[in-house]
Amino acid sequence: MMYKSNPLKEIVHPKAAFAQLKEAERVKHVAIVVLILLFSSIVLSLLRAYFGIGTEELTKHLGRYTSEQFAFAQLLFASGHVLGGLFVPLLFLFISSIIYYLFFEMDFAKLLTIQLPVLLIFLIEDIVLFPLQLFFGVKDLFSPFSLGVWGPYITKHAFIWALLRNVSVFSVWAVSLQIIALRTLTEKPVQRIAMIVITVYLFFALLITACTEFPFSGS
């Protein structure tokens, strides 16, 4: 039996899709889907850079730069967005698959396949957030879909604010989907699967937070 990777189907009908994936001997279209998701992520990153989303800290110091220096800084900003749109999904895709392989010893192609709907969920989150950022100036750290909006009421530490940003409606959706996928494919105890999936997600959340430049002066 051959299974064709379809992240949208896996999001809408996860149990049926992953049951078919479990029985499959081969998986097709994984590379094509990866390329489509990466291309979409890069395009969205370019749009964010083009409209200057996230450049608040840069424009604060506009008076310190000559026009040439500011143009170069904008170019670096855009390049960083594009590289982030490419490498962050790739790192998530392969590192998480490798970690799950060490725990569950599943077919690696199937592990890659169940990460793709997760990437799609996070891409949907960025797409939904984009018009709010563009038209209403909503910042990443204060996404209305995440706990980041509660950060200033909980602590003054920007690191905690950024960490809370990674706990959103979409991340809960993604974690739940991965638990369903691994439970269907491995039949391991759901408590063990949930613990591993949540730990892996927290690892990435901490990594992303540690690499984030906070647009805040407080600490």
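1. First, a term: a polar contact here is a pair of N or O atoms within 3.5 Å, where within protein one must be able to donate a hydrogen and the other to accept it, and residues adjacent in sequence count only if both atoms are side-chain atoms. One such contact sits at the start of helix 6, where a side-chain oxygen of Asp107 comes within 3.2 Å of the backbone nitrogen of Ala109. Helices (H or I, at least four residues) and strands (E, at least two) are DSSP runs, numbered from the N terminus.

2. Some ground rules before going on. This is a predicted model, in which local features need pLDDT of at least 70 and side-chain atom pairs count only at pLDDT 80 or more, while totals for chains, interfaces and linings use all residues. Residues are numbered from 1 along each chain as its sequence is written, and side-chain values use heavy atoms, with hydrogens and water left out.

3. Back to helix 6. With 29 residues at 1.5 Å each, the helix should span 42 Å (1.5 Å times one less than its number of residues), and its end C-alpha atoms are indeed 42 Å apart. There is also a kink of about 30 degrees at Leu129, shortly before Pro131; the bend is the angle between axes fitted to the seven residues ending there and the seven starting there. After the helix comes Gly137, with a positive phi near 70 degrees.

4. Now the aromatics. Rings of Phe, Tyr and Trp (its six-membered ring) pair if their centres lie within 6.5 Å; planes under 30 degrees apart are stacked, over 60 edge-to-face, and the rest tilted. The whole structure has 11 such pairs. In one of them, Phe145 and Phe170 meet edge-to-face, 5.6 Å centre to centre with 85 degrees between the planes. Phe145 is in the loop between helix 6 (108-136) and helix 7 (151-154) and Phe170 is in helix 9 (residues 169-186), so the pair ties together parts 25 residues apart in sequence.

5. How buried or exposed is Phe170? Its relative accessible area is 10%, so Phe170 is buried, whereas Phe145 is partly exposed at 25%. The cut-offs are under 20% for buried, over 50% for exposed and partly exposed in between (1.4 Å probe, protein chains only).

6. Phe170 also pairs with Trp173, this time tilted: 6.3 Å between centres and 40 degrees between planes. Both lie in helix 9, three residues apart, about one turn of the helix. Trp173 is partly exposed, at 33%.

7. Elsewhere, Phe92, Phe122, Tyr201, Phe203 and Phe204 make up one aromatic cluster.
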